[in-house]
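Hi there,

Here is the structure I promised to pass on. Have a look at it first, and then read on for what turned up.

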Amino acid sequence: MRSTGIVRKVDQLGRIVLPKELRATFQIEEKDPLEIFTEEDKIILRKYESNLTCDVTGEITNENKSFCNGKIVLSPEGIRLLQDELKRA
C-alpha cells in the first residue's frame, strides 16, 4: 500500500473529504457510490461498479439486461445503439 502523504480529520458526523486529486485519479464524481471494505486494521474505499453496468453506455438502470450468461450487460439505450451499429455493418 502506498502513502499519499495526505491526512484528513474526521468531522463530528464521521465524514472525511477525499482530496480533489484522488477523486480525479479514480474518476469519482459527486454522488458516485463507494464500497467500504475492511482488512485487518485498514478501511478501504473503492468506487462501486454494479454488475449490471451497461457495457456500451455505462448506465446502471433497473431495465438493464444480461446476455451471454452474464458476459454482456446492456441498457435499453445500449441495445438501441448496438442494433443501429449492426444494421450499418
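A word on terms before anything else: a residue is called exposed when its relative accessible area is over 50%, buried when that value is under 20%, and partly exposed in between. Please also keep in mind that this is a predicted model.

By that cut-off Asp-41 is exposed, because its relative accessible area is 67%. Its side chain meets that of Lys-42 in a salt bridge, with 3.8 Å from N to O. Lys-42, at 26% relative accessibility, counts as partly exposed.

**Salt bridges**

The pair just described belongs to a wider set, as the structure holds six salt bridges. Side chains of opposite charge can pair when their charged atoms come close. Another example is Asp-11 with Arg-15, where the closest N and O atoms are 2.8 Å apart. Asp-11 is partly exposed, with a relative accessible area of 31%.

You may also like the bridge between Arg-46 and Glu-35, whose closest N and O atoms lie 3.3 Å apart. This pair links distant parts of the chain: Glu-35 sits in strand 1 (residues 34-39) and Arg-46 in strand 2 (residues 42-47), with their positions 11 residues apart in the numbering. Both ends are partly exposed, Arg-46 at 47% relative accessible area and Glu-35 at 23%.

Elsewhere, Glu-77, Arg-80 and Asp-84 are joined into one network by salt bridges that share partners.

**A nonpolar patch on the surface**

Which residues form the nonpolar patch on the surface? They are Val-10, Ile-16, Leu-34, Ile-36, Ile-43 and Leu-45, and together they have about 590 Å² of accessible area. Strand 1 and strand 2 are the elements that give two or more residues to this patch. Leu-45, for one, has its place in strand 2. Leu-45 counts as partly exposed because its relative accessibility is 40%, which falls between the two cut-offs.

**Glu-59 and Asn-64**

The loop between strand 2 and strand 3 (65-67) is worth a visit when you open the model, with Glu-59 found there. Asn-64 lies in that loop too. Is each of them buried or partly exposed? Glu-59 counts as partly exposed, at 33% relative accessibility, whereas Asn-64 is buried, with a relative accessible area of 9%.

The two residues also meet: the backbone oxygen of Glu-59 lies 2.9 Å from a polar atom of the Asn-64 side chain. Asn-64 has a further polar contact, of 2.6 Å, between its side chain and that of Thr-61. The side chain of Glu-59, for its part, makes a polar contact of 2.8 Å with the side chain of Ser-75.

Beyond neighbours within four places in sequence, Glu-59 is in contact with Leu-52, Thr-53, Cys-54, Asn-64, Ser-75 and Glu-77. On the same basis, the contacts of Asn-64 include Leu-52, Thr-53, Cys-54 and Glu-59, and also Val-73, Leu-74, Ser-75 and Pro-76. As for Pro-76 and Glu-59, they are 17 residues apart in sequence, and their C-alpha atoms are 9.5 Å apart in space.

That is what I have for now. Enjoy looking around the model!

Best wishes

How values were computed. Residues are numbered from 1 along each chain as its sequence is written. This is a predicted model: local features need pLDDT of at least 70, side-chain atom pairs count only at pLDDT 80 or more; totals for chains, interfaces and linings use all residues. Side-chain values use heavy atoms; hydrogens and water are left out. A salt bridge is a side-chain nitrogen of Lys or Arg within 4 Å of a carboxyl oxygen of Asp or Glu. Buried means under 20% relative accessible area, exposed over 50%, partly exposed in between (1.4 Å probe, protein chains only). Helices (H or I, at least four residues) and strands (E, at least two) are DSSP runs, numbered from the N terminus. Contact means heavy atoms within 4.5 Å. A polar contact is a pair of N or O atoms within 3.5 Å; within protein, one must be able to donate a hydrogen and the other to accept it, and residues adjacent in sequence count only if both atoms are side-chain atoms. Patches are made of residues with over 30% relative accessible area and no salt bridge: like charges are joined within 9 Å, nonpolar side chains (Val, Leu, Ile, Met, Phe, Trp, Tyr) within 5 Å. Accessible areas come from the Shrake-Rupley method with a 1.4 Å probe; for residues, only the protein chains shown count as cover.
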